[in-house]
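Reader: I am new to this structure. Please take one buried spot in a loop, look at it closely, and then lead me outward from there.

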Amino acid sequence: MDQGSKRLDVITIGRASVDLYGQQIGTRLEDVGSFAKSVGGCPTNIAVGTSRLGLKSALVTRVGNEQMGRFIREQLEREGVETAGIVTDPERLTALVLLAVENDNSFPLIFYRDNCADNALSEDDIDEDFIRTARAVLVTGTHFSKPHTDAAQRKAMRIAKANGARIVLDIDYRPNLWGLAGHDAGDSRYIASDRVSAHMKTVLADCDLIVGTEEEVLIASGESDLLSALRTIRSLSSGTIVLKRGPMGCIVYDGAISDNLEDGIVGQGFPIEVYNVLGAGDAFMSGFLRGWLRGEPHATSATWANACGAFAVSRLLCAPEIPTWVELQYFLTHGSPERALRKDADINHVHWATTRRRDIPNLMALAVDHRSQFEDMAGGDAQKLARIPAFKALAVQAAARVANGRDGFGMLLDDKYGRDALYAAGAIRNFWIGKPIELPGSRPLQFEFSQDLGSRLVDWPVDHCIKVLSFFHPDDPADLREQQIGKLRAAFDAARKIGRELLVEIIAGKNGPLHDDTVARALTEIYDAGIKPDWWKLEPQPNAAAWARTDAVIEARDPLCRGVVLLGLEAPQAELEAGFAAARSARTVKGFAVGRTIFADAARAWLDGRIGDEEAVADMASRFGALVTIWEGLGA
């Protein structure tokens, strides 16, 4: 097959695990109290990393037929990794890894891999037609440690070679996975072994690119010093050798190995603070492959690799911390004033905004997150108050009826009266959910229930978007604006810390005149405070000129913002239609989130007992569907 016609750049083969990272830094693994979950395993991380950097990647492995196996498959799909090569093992569990940062030199980890799914990978799992679709196949040292996984990788190598693809070896040496150390020695990086060295030497001849740390180069060669190790590898392979040297970057060797270890190709280095070394090699490999597979000079590939490795060692997790192509280019262009890259707010924003869980180009939402308005409808009647949760669940049925399985729909729901509704909405595939945190009607802004957002938000599902409403006018007194922005900043910081999206709703027109520049000025002041929400929710603007000003602010201050959704304020449908028409000229407006226009009449009638469940659902679905039709029609 012609290399240019192949649809995949690289297929990686080997380990696939769920990594559980201790969230308390500077403590023993024994004392960790909570963990953050991510996909892991050398080839899995590289599949994610290369995809983020713009290559078309795939993974060949096995996962268990259980929740963690499904998590790996689903997360890889979210990352754009081809999953056709992943086999679901009906008998074995997905591998787990527990990891911690004890200090800047100790990173304990435990592999739970006894008879795990990926360790059962066999030749039967290697599909020749699938391997033929890739320009390169990456094999990993750990999966040469068992006869059946060894056979599987060698089969993939034979097929790749026969079809003109290149072979990449990540030496990926873990002594305890070769049976050379105990379960508690997962962080051990080097134990000399003639058996392992002899076995790895049989792999080298077929490899076009060999990448390893100093210790890994020693084990692959069986030598005790680096110069001899490199020469031994060169005697067995004509491929490019990349020696990873930690904070010193890397050296790339093509051709003969000279007497000077430094006599190779080097890339730009990046002095940064080391936070966690785990996963740095996988990020490095991802960056190098982006260059190598696209025909870049080795110095460029090495620079990209070093930069990707710098990102990984400066952050906590593995795969989630690998930069995207946009992020890498931003860093190479602008650099960073921080040695700890995780503290660079601009880079963190680019990382966050380019690794969101899914793309949402348009959003049409039914907003039923109101609390005080429903309480007003109940009028102090205890029975009516008790029925509010049931009505909100009916609203979910209405929204789902309109969505009819299509993407781009969602709801705003609260956790005061909307628990049952939230459960129902959470069961709908790709259904966007936002939840409010503001105390209804508060000005200056206050949070509902508690001012300690961290303790509240940590319980939220990862897909739930934080919504915060502020009655903010740019002509408010300075002290009022300062208080409001302080609360918005607290919401933004909490959202980024726990990894949740943030929607900021600004209503200016209730507390001052709404001129062409009013909302644009309000957004500018909020951006000036370092607040970059994922979404804005804004009231309809007076005209197209006002929307043009709003567009200009958002596009200049945060081109990675998802966009704007329109709010309704219980306006009649005809008024909303006019507002929709004006907003359609705006590039940043992506939809609407309207509530009382849709549910108010049905809620009053249902709470009074004048209509039943189906009538309420049908009425809300009709009104919501009408607005969807209007919005979609304006965009035709």
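Author: D476 counts as buried, because its relative accessibility is 5% and the cut-off for buried is under 20%. The model is a predicted one. D476 sits in a loop, with β17 (464–470) on one side and α16 (478–498) on the other. What does the side chain of D476 reach? One of its polar atoms lies 2.9 Å from the backbone nitrogen of H473. Leave out residues up to four places away in sequence, and D476 touches R443, F471, R481, Q484 and N511.

Now to charged pairs. The structure holds 48 salt bridges. Take R52 and E79. Their closest N and O atoms are 2.8 Å apart. R52 belongs to helix α1 (residues 42–52). E79 is in the loop between α2 (67–78) and β5 (86–89). The two residues are 27 apart, and the pair links distant parts of the chain. Is this pair buried or exposed? Both R52 and E79 are buried.

Next come D463 and R357. Their side chains meet in a salt bridge, at 2.7 Å from N to O. D463 lies in the loop between α15 (453–457) and β17. R357 lies in the loop between α11 (345–353) and β14 (363–368). They are 106 residues apart, so this pair too links distant parts of the chain. D463 is partly exposed, with a relative accessible area of 45%. R357 is partly exposed as well, with a relative accessible area of 30%.

A third pair is D534 with R496. The closest N and O atoms of this salt bridge are 3.3 Å apart. D534 lies in the loop between α17 (518–528) and β19 (535–538), while R496 is in helix α16, so the bridge ties together parts that are 38 residues apart in sequence. D534 is buried, with a relative accessible area of 0%. R496 counts as partly exposed, at 21% relative accessibility. Salt bridges can also share partners. They do so among D369, R371, E438, E448, K467, E505 and K537, which are joined into one network.

Now the nonpolar interior. In soluble globular proteins, nonpolar side chains tend to be buried together. The largest nonpolar core here has 80 residues. Which of its members touch the most others? They are W536 and F592. Set aside the neighbours of W536 within four places in sequence. W536 is then in contact with V504, I506, L523, I526, Y527, I554, C561, G563, V564 and V565. There is also a second, separate core, of 44 residues. Among its members are A160, I210, A220 and I241.

Aromatic rings are next. A pair of aromatic rings is described by the distance of the centres and the angle of the planes. The count comes to 14 aromatic pairs. In the pair of F270 and F331, the ring centres are 5.3 Å apart and the planes are at 50°, so the pair is tilted. F270 is in the loop between β13 (265–266) and α8. F331 is in helix α10 (residues 325–334), and 61 residues separate the two. F270 counts as buried at 16% relative accessibility. F331 counts as buried too, at 6%.

F592, already met in the core, has an aromatic partner as well. F592 and W631 form an edge-to-face pair, 6.4 Å centre to centre with 70° between the planes. F592 lies in strand β21 (residues 589–594) and W631 in helix α21 (residues 613–634), so the pair ties together parts that are 39 residues apart in sequence. Both F592 and W631 are buried. They belong to one aromatic cluster with F409, F580 and F624.

One helix closes the tour. Helix α8 (residues 280–292) has 13 residues, which should span 18 Å at 1.5 Å a residue. Its end C-alpha atoms are 18 Å apart, and that agrees. How many of the residues of α8 are buried? The number is 12 of 13, and α8 is mostly covered. Among the buried ones are A280, D282, F284, M285, R290 and W292.

Notes
Residues are numbered from 1 along each chain as its sequence is written. Side-chain values use heavy atoms; hydrogens and water are left out. A nonpolar core is a set of buried Ala, Val, Leu, Ile, Met, Phe, Trp, Tyr and Cys residues joined through side-chain atoms within 4.5 Å. Buried means under 20% relative accessible area, exposed over 50%, partly exposed in between (1.4 Å probe, protein chains only). Contact means heavy atoms within 4.5 Å. Helices (H or I, at least four residues) and strands (E, at least two) are DSSP runs, numbered from the N terminus. The expected span of a helix is 1.5 Å times one less than its number of residues. A polar contact is a pair of N or O atoms within 3.5 Å; within protein, one must be able to donate a hydrogen and the other to accept it, and residues adjacent in sequence count only if both atoms are side-chain atoms. A salt bridge is a side-chain nitrogen of Lys or Arg within 4 Å of a carboxyl oxygen of Asp or Glu. Rings of Phe, Tyr and Trp (its six-membered ring) pair if their centres lie within 6.5 Å; planes under 30 degrees apart count as stacked, over 60 as edge-to-face and the rest as tilted.
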